[in-house]
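Student: Please choose one strand of this protein and take me through it closely. I would then like to follow what lies around it, with the cut-offs behind each term spelled out.

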Amino acid sequence: MATMSGQARESVVVLAVEGLSIHYEMRAATVRAVDGVDFELRDNEVLGLAGESGSGKSTLALGILRLLRAPGRVVAGSVRFGATDLLALDESALRELRWRQFAYIPQGSMSALNPVMRLQAQFRDTLTAHGERMPRAAMHARFVDVLQGVGLDADLLPRYPHELSGGMRQRVCIAMAMLLGPRLIIADEPTSALDVISQRVVLETLAAARKAIDASMLLIGHDMALLAQVTDRLGIMYAGRLVEMGETGTLFRDARHPYSRRLIASVPDVRARREFQSEAMDSEPQWPLDEPLQEVAAGHFVRPWGGGYDS
Ligand SMILES: Nc1ncnc2c1ncn2[C@@H]1O[C@H](COP(=O)(O)OP(=O)(O)OP(=O)(O)O)[C@@H](O)[C@H]1O
Ligand SMILES: [Mg+2]
């Protein structure tokens with residue numbers, strides 16, 4: 001037999017999402033927030049998910065992690081983490097997996113730090129809450145290690161969150177996510193609350209911290225320029241559907257779907273981004289979304305929208 005090649009190793013699927021649909025069922029209406037989404041995340045891979053506000057990115061992340069709250073509900077599909085069917089797992093097995101195997105950096109996470117607790121106590125709680133027992137000195141060494149991994153100094157440990165800048169707080173959240181050495185990181189707009197310069201630095205920090213532990217990452221964002229820097233592949237979401245997916249370089253060179261093109265052409269500026277939040281979920285989608293994705297080149301998938309691929 002041939003030796004295990006790099007390619008064979010790359011093809012290990014860490015997360016497989018198939019036909020996932022998530023609805024918010026309310027009295028007046030049902031929001032089909034995620035509609036038949038399929039993708040795979042491979043070992044050591046960074047997959048970006050981009051799309052305007054309301055396209056279903058956070059709902060997808062919450063669905064994968066089984067953190068949806070009512071009225072949100074998975075109505076179809078499957079989510080597998082390695083051989084484990086996440087949607088079938090009971091709560092206690094799921095708790096074991098969360099943090100130890102997955103790290104979730106939620107949208108606006110830096111405001112989730114406890115304001116009246118010193119950072120070291122929050123780090124300690126995170127470890128002990130997940131059943132990690134180790135001597136104090138080893139624990140401290142671990143904290144120092146993850147802080148250094150995000151470019152922060154250990155002398156921050158006795159500080160309170162309000163003593164830190166927004167960028168530093170967000171790095172603390174990233175460090176916390178790394179504490180248990182997760183296999184999968186899901187980061188939902190980890191930098192959108194920061195100024196433009198900190199965004200870049202913090203995202204680079206996250207990418208480096210991920211690489212150091214060989215985790216796979218699903219990275220959600222609006223900003224195509226930032227996503228381009230750290231992702232291997234990109235999926236473009238529109239109205240709860242993936243409309244295009246492919247290698248990041250391919251998408252930037254050769255995006256086919258008009259929505260992807262618009263997103264790539266949009267200016268990564270906070271004000272411009274707000275204006276870009278569109279109407280998709282509030283009115284009729286601008287493009288037909290019902291035809292299955294087509295593979296237009298190896299690994300490059302596009303949803304037919306009724307126009308030619310060269311338009
Ligand atoms: N708790 C909820 N109850 C009802 N509808 C919801 C709820 N959360 C989200 N939605 C709806 O589901 C759709 C997808 O929302 P979601 O937050 O997943 O989008 P998003 O792509 O993460 O947007 P953003 O970029 O603003 O974070 C939207 O139409 C939203 O209004
Ligand atoms: Mg969101």
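Tutor: The answer below starts from one strand and works outward.

The structure is a predicted model, in which local features need pLDDT of at least 70 and side-chain atom pairs count only at pLDDT 80 or more, while totals for chains, interfaces and linings use all residues. Residues are numbered from 1 along each chain as its sequence is written, and chains are lettered from A and ligands numbered from 1 in the order in which they are written.

The strand to look at is β3, residues 46-50; helices (H or I, at least four residues) and strands (E, at least two) are DSSP runs, numbered from the N terminus. Five of the five residues of β3 are buried, so the strand is largely enclosed by the rest of the structure. Buried here means that 20 or more other C-beta atoms lie within 10 Å of a residue's own, exposed means 12 or fewer, and partly exposed is in between, with C-beta atoms placed from the backbone. In a regular strand the side chains alternate between the two faces of the sheet. In β3, V46, G48 and A50 point one way and L47 and L49 the other, and all are buried.

On one hand, β3 pairs with β8 (residues 216-221) in the parallel sense over five bridges, where two strands pair if DSSP finds at least two bridges between them. Within that pairing, L47 stands opposite L218 in β8. On the other hand, β3 pairs in the parallel sense with β9 (residues 233-238) over four bridges, and A50 has I236 of β9 as its bridge partner.

These strands belong to an open sheet of eight, in the order β6-β7-β8-β3-β9-β10-β12-β11, with mixed pairing. Its edge strands, β6 (102-105) and β11 (294-297), each pair on one side only. Neighbouring strands of this sheet are turned by 20 degrees against each other on average, direction ignored; axes are lines fitted to C-alpha atoms, for helices over the stretch in contact, and angles run from 0 to 180 degrees between N-to-C directions. An antiparallel step in this order joins β10 (residues 241-247) to β12 (residues 300-302) over two bridges, and E244 stands opposite V302 of β12.

Helices lie across this sheet, with a contact meaning that the C-beta atoms of two residues, placed from the backbone, lie within 7 Å. Helix α10 (residues 258-265) lies across β3 itself, along with β9 and β10, and runs at about 110 degrees to β9. Helix α6 (residues 166-178) lies across β6 and β7 (184-188), running at about 165 degrees to β6.

Two loops next to strands of this sheet hold residues with a positive phi. E189, in the loop between β7 and α7 (196-212), has phi near 45 degrees, a positive value in a residue other than glycine, and is partly exposed, with 19 other C-beta atoms within 10 Å. D214, in the loop between α7 and β8, has phi near 55 degrees, again positive in a residue other than glycine, and is exposed, with 10 other C-beta atoms within 10 Å.

There is also a four-stranded open sheet, ordered β2-β1-β4-β5, whose pairing is antiparallel. β2 and β5 (84-85) stand at its edges, each with a single partner strand, so one side of each is left without a neighbour in the sheet. Helix α2 packs on this sheet, touching β1, β2 and β4, and its direction makes about 65 degrees with that of β2. In the loop between α2 and β4 lies P71, and the peptide bond from A70 to P71 is cis, with omega near 10 degrees.

Ligand 1 is surrounded by 15 residues, the closest being A33, S53, K57, S58 and T59; a residue is near a molecule or strand if its C-beta atom, placed from the backbone, lies within 6 Å of it. β2 (30-42) and α2 (57-64) each supply at least two residues of this shell, and α2 gives the most, with three residues.

As for confidence, the mean pLDDT of the protein is 88, and 90% of its residues reach 70 or more, pLDDT being the predictor's confidence in each residue, from 0 to 100. Over residues 273-279 pLDDT stays under 50, and the model has seven contacts beyond four places in sequence for them.
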